[in-house]
Amino acid sequence: MPLSRAKLSWSLWVLLAQACAAALPGAAHAEAPAAPPAASAPAAPAAAAPAAAVAPAASPPVAVGSPRSEQDLAVRGIYLQRNTVQNPPRLKRLIERSLKLGINTFVVDVTGRSPKYEQAIKTIQDAGITYVPRVAMFPDGARNESVLRDQKLLEQRWGLVDYALSLGAKDIQLDYIRFTHHNVDSPENATKVLEVIRFFRQRIEQRGARLQIDVFGEVSYGPSTHIGQDMQRFAPALHAVCPMVYPSHFEPHEKTAKEPYRTVFGALTALERQIQSSPIPVYAYIEPFNYRHPMSQEQRRDYFEEQLKAVLDSPAQGYYVWSAGNFYDVVFNVLQRRAERSRAASKAAQTGATPPRALASTAPGTAAPPRSAPAAGLD
């Protein structure tokens, strides 16, 4: 995937790293990035990635470094395919484990009308879990401006939104709302995408609901002029944003795979600075695996927990976990052990015993901005 940042000179990369470091608390010794490597070849396409949910009420920004637990986040969610929720036994298990461990939102694909789908959404809502429908706007990105302006296509997508609203959705998540990464590089691409965002926001607001969109992780650091995503311009037209800050999607991936905390924290902090003039809730998409690097179950648990801790230490108001196949045992196991660790710490505080040792994180504020890797179809 040709990336606009690959065109930056090395000196500009150093300046960008220094600027990011200077703005972060305790970042006086932030390292300069290694010389940017050539963009790697796209990995095999995976299932489309999720969008994030908007909280029932916009939470005020939280100061970086505020001690928070998962329960302090307005949104704690997982992504589910339509087929998953239409499998009653599997949906029942997911609901039971989610309620036990504090997951409060399901992002669910909406692709058409179905009585089975409607019953599944009712089951989710009756359990007290928030339903956020995910609409894939332009799968793999719009090829050109004519696709982006195709009124028939836009009305078809609106039909899905309208259906989800009729099922009680209060937040709509639009994914793949961008050009393809093969598109001609131009600052005007974001203007064209913004027109689509405004079209949907107006209609969604008229129905008393809120709009959120997914954006590439690289957009946390600045506009992506190929795909047409620019958060400084988009923020005033949104109710929330869901950056896909998967460590597997940044370069150099050998480094970010080993530093999930720094990768996620750095991106979310950079995004917060971009939208400070038009603050909106941020719900980060994080991952329980790294498709580039095989990991044991314990390594996956540590990898996911580091990302979760980065969200808690950042200004974000929530998170969504993305698994294309909807396998969340790693997530549930991490939430379970964190809950047990918290209970043990509380008990230790009462008795004066030494609390259990938590997983150590990389110190906040030391991450140089990584370069986004090919999205491999995960938008």
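# A quick tour of a predicted model

In this predicted model, residues 1-66 have a pLDDT under 50, and the model gives that stretch 164 contacts beyond four places in sequence. Residues 371-379 also have a pLDDT below 50, with 62 contacts in the model beyond near neighbours in sequence. Where pLDDT is low, don't read the predicted coordinates in detail. For the protein as a whole, the mean pLDDT is 82, and 75% of the residues reach 70 or more.

**The big picture**

- The protein has 379 residues, and 56% of them are buried.
- Its secondary structure adds up to 12 helices and 10 strands.
- Take the contacts between residues at least 6 apart in sequence: 83% of them join residues at least 24 apart.
- The accessible surface is about 15500 Å², and carbon and sulfur atoms account for 55% of that.

**Helix α6 and its two ends**

- Helix α6 covers residues 151-166, which is 16 residues. At 1.5 Å a residue it should span 22 Å, and its end C-alpha atoms are 22 Å apart, so the model agrees with the expectation.
- At the N-terminal end, D150 acts as a cap: one of its side-chain oxygens sits 3.0 Å from the backbone nitrogen of K152.
- Just past the helix comes G168, with a positive phi of about 105°.
- The buried residues of α6 include W158, Y163, L153 and L154. R157 is on that list too.
- What covers those buried residues? Among the elements doing it are α4 (115-126), β3 (130-136), α5 (145-148), β4 and α7.

**The loop between β3 and α5**

- F138 sits in this loop, and its relative accessible area is 3%, so it counts as buried.
- Leaving aside neighbours within four places in sequence, F138 touches residues that include L153 and L154, both of which are among the buried residues of α6.
- Other contacts of F138 include V147, L148, D175, Y176, I177, R178 and V196.
- F138 and L148 are 10 residues apart along the chain, and their C-alpha atoms are separated by 7.9 Å.
- D140 is found in this loop as well. Its phi is positive, about 70°, although D140 is not a glycine.

**The loop between β4 and α7**

- H181 is placed between β4 (171-175) and α7 (188-206).
- Is H181 buried or exposed? With a relative accessibility of 18%, H181 falls under the 20% cut-off, so it counts as buried.
- The side chains of H181 and H182 are joined by a polar contact of 3.2 Å.

**Helix α11 and what covers it**

- Helix α11 runs over residues 297-313, making 17 residues. The expected span at 1.5 Å a residue is 24 Å, and the end C-alpha atoms are 24 Å apart, so the two agree.
- Its buried residues include Y303, F304, L308, V311 and L312. Among them are also R301, E305, E306 and K309.
- The cover over these buried residues includes α10 (260-274), β8, β9 and α12 (329-351).

**Aromatic pairs**

- How many aromatic pairs does the structure hold? There are nine.
- One of these is F199 with F200, an edge-to-face pair at 5.1 Å centre to centre and 80° between the planes.
- F200 has a relative accessible area of 0%, so it is buried.
- Another is Y283 with Y320: the ring centres are 6.5 Å apart and the planes sit at 80°, so this pair is edge-to-face.
- Y283 belongs to strand β8 (residues 283-286) and Y320 to strand β9 (residues 318-321), so the pair ties together parts 37 residues apart in sequence.
- Both Y283 and Y320 are buried.
- Those two tyrosines also belong to one aromatic cluster, made up of Y246, Y283, Y285 and Y320.

**Backbone oddities**

- Most residues other than glycine have a negative phi, and most peptide bonds are trans.
- The bond from E251 to P252 is a cis peptide bond, with omega near -5°. P252 lies in the loop between β7 (250-251) and α9 (253-256).
- N326 isn't a glycine, but its phi is positive, near 65°.
- Where is N326 placed? It is in the loop between β9 and α12, and N326 is buried, with a relative accessible area of 2%.

Terms used
Residues numbered from 1 in each chain as written. Heavy atoms only, no water. Helix = DSSP H or I, 4+ residues; strand = E, 2+ residues; numbered from the N terminus. Buried < 20%, exposed > 50% of the residue type's maximum accessible area, 1.4 Å probe, protein only. Polar contact = N/O pair within 3.5 Å; in protein donor to acceptor, adjacent residues only side chain to side chain. pLDDT = per-residue confidence, 0-100. Contact = heavy atoms within 4.5 Å. Phe/Tyr/Trp six-rings, centres within 6.5 Å; stacked < 30°, edge-to-face > 60°. Expected span 1.5 Å × (residues − 1). Areas by Shrake-Rupley, 256 points an atom, 1.4 Å probe, with all protein chains shown as cover.
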